[in-house]
Amino acid sequence: MTAPLLGVLHATDRNGAFVARLDVTHWPVTVGRALTADLVLDDSHVAAEHLRVDQTAEGDITVQVLGSNNGVALNRSQYAQDAQFVWPSGQVLTLGRLRLGLRLAHEPVAAEEPLPHFPWLMIGWTVLALAGLFALVLGQSWLTLSEPSQLARRLPGLLAVVAVSVAAWAGLWALATKLFTGRLQFWRHVRIACVSSLAVQAVVTVASVLGFMFSLESLARFDTQLSLLGAAVGIYVHLTVIVVQRRRSLAGLVAGLALLGVVAMLGTNWLQNKRLSGKLYMSALYPPSWRVAPAVPVSTFLEEAGDIRDRLDKRLKDREPDGSDPDDSSDTE
């Protein structure tokens, strides 16, 4: 007589691929690398008899860690050797580099998932993101050209450079995603790259406009630092595709590196120019009707301009070489 099926133990790797399976017909069952274990796993980080799974009289599933130095992880809890705990339904255990799941016979089966359809929506978002990035590059090129008619000649080259740059950037992230998760996710990284570039440019533009409107020149002079912080956010979003867990730690790491980069840039500007910003003035002017801050009186403007000239004369004097005046000449025969 065949024993009734009580449940199914299944082990998967980090990519979700099945590694081993056990039809549970009795309790308790053991898991490990030894051939005497009920569920045999081929992972060098798993002990010969790693854990024992049992069911109490009340129906709870319990796990006891056996002779393992690496222990067992359940969510964010780590259990060492000889520890015993309740295994909640639907949760996954981590032992070694594998994940262990359990489905009991009396548990309801999840609803059938529909077959995937052609991702028209994702394609539309991808095309829209690429079009936005192309429009941004073309607009910036048109503003910097002295003759707008040159844009038509440069258009194919600009589009090719943008396409190759996005493809190379997204391709590197896609290869990393394939390496760690088993999925390529190329077009997802393309969307992230395009949207993050547009978002960074939008933040810089808004900061420049607000700086002009309210005479807050610091918002416009530190656009490089804002771009660095925006790029850090984009890199974090790329990393979340690869690293599914521990996103808080990942966010803290990226934020720390970004702040370190900002501090390094500010320090470099101070050592080279005796100021934190790399710019002396706003690089973009907007229609005067956008101004909200009151106009500066002419006398105040001339006074501030005089102070600027005095500081510039002092700096030029400090940079002059020691010795006689460079206009003096002495001929010695």
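Which residue in strand 5 is the bridge partner of Val31? I looked that up before anything else, and found Leu51. A note to self before going on: this is a predicted model.

**Entry: the mixed sheet**

I stayed with the strands around that pair. Strand 3 covers residues 29–32 and is joined to strand 5 by 3 bridges, the two running antiparallel. I then followed strand 5, residues 51–55, to its partner strand 6 and found 5 bridges, again antiparallel. Two of the pairings I jotted down: Val53 has Val63 as its bridge partner in strand 6, and Asp54 stands opposite Thr62.

What links strand 5 to strand 6? They form a hairpin with 5 residues between them. In the turn I picked out Gly59, which has a positive phi of about 95°.

Next I moved along from strand 6, residues 61–65, to strand 9, and counted 3 bridges in the antiparallel sense. Here Gln64 is matched with Gln84 of strand 9.

Putting the strands in order, I get an open sheet of 5 strands, 4-3-5-6-9, with mixed pairing. Strand 4 (39–40) and strand 9 (84–86) are the edges; each has a single partner strand, so one side of each lacks a neighbour in the sheet.

Is strand 6 mostly buried or exposed? I checked its residues: 4 of the 5 are buried, so the strand is largely enclosed by the rest of the structure.

**Entry: the antiparallel sheet**

There is another sheet to write up. I traced 6 strands in the order 2-1-11-10-7-8; this sheet is open too, and its pairing is antiparallel. At its edges I found strand 2 (18–24) and strand 8 (77–79), each with a single partner strand, so one side of each is without a neighbour in the sheet. From one strand to the next, the twist averages 25°.

I looked closer at the strand 8 end. Strand 7, residues 72–74, pairs with strand 8 over 3 bridges in the antiparallel sense. Ala73 is the residue I noted there, standing opposite Gln78 of strand 8.

**Entry: the loop after strand 11**

I followed the chain out of strand 11 (98–104) and landed on Ala105, in the loop that leads to helix 1 (120–144). What does Ala105 touch, leaving aside neighbours within four places in sequence? I found Leu5, Leu6 and Gly7 in contact with Ala105.

I also took a distance from Ala105 to Thr181, which is 76 residues away along the chain. Their C-alpha atoms are separated by 30 Å.

**Entry: helix 2 on helix 3**

On to the helices. Two packed helices are described by the angle between their axes and the distance between the axes, so those are the values I looked up.

Helix 2 (residues 150–181) packs on helix 3 at an angle of about 130°, and the axes are 8 Å apart. That angle makes helix 2 oblique to helix 3. The crossing is right-handed.

Which residues make this contact? From helix 2 I listed Val166, Ala167, Trp169, Ala170, Gly171, Trp173, Ala174 and Thr177; from helix 3, Phe186, His189, Val190, Ala193 and Cys194. Sorted by class, the contact has 10 nonpolar residues, 3 polar and no charged.

**Entry: helix 3 on helix 5**

Helix 3 (residues 186–214) also packs with helix 5 (residues 223–242). I read an angle of about 160° here, with the axes 9 Å apart. The two helices are therefore roughly antiparallel to each other. Their crossing is right-handed.

On the helix 3 side, the contact residues are Arg188, His189, Ile192, Ala193, Ser196, Val200, Val204 and Ala207. On the helix 5 side I wrote down Asp223, Leu226, Ser227, Gly230, Ala231, Gly234, Val237, His238 and Val241. By class I have 9 nonpolar, 6 polar and 2 charged residues in this contact.

**Entry: Thr240**

One more residue in helix 5 caught my eye: Thr240. Is Thr240 buried or exposed? Its relative accessible area is 12%, and the cut-off for buried is under 20%, so Thr240 is buried.

I then asked what Thr240 touches, not counting residues up to four places away in sequence. Arg247 and Leu250 came up.

How values were computed:
Residues are numbered from 1 along each chain as its sequence is written. This is a predicted model: local features need pLDDT of at least 70, side-chain atom pairs count only at pLDDT 80 or more; totals for chains, interfaces and linings use all residues. Side-chain values use heavy atoms; hydrogens and water are left out. Two strands pair if DSSP finds at least two bridges between them. Buried means under 20% relative accessible area, exposed over 50%, partly exposed in between (1.4 Å probe, protein chains only). Axes are lines fitted to C-alpha atoms, for helices over the stretch in contact, and angles run from 0 to 180 degrees between N-to-C directions. Angles under 35 degrees count as roughly parallel, over 145 as roughly antiparallel, 65 to 115 as roughly perpendicular and the rest as oblique. A crossing is left-handed if the near helix is turned anticlockwise from the far one by less than a right angle, and right-handed if clockwise. Contact means heavy atoms within 4.5 Å. Ala, Val, Leu, Ile, Met, Phe, Trp, Tyr, Cys and Pro count as nonpolar, Asp, Glu, Lys and Arg as charged, and the others, Gly among them, as polar.
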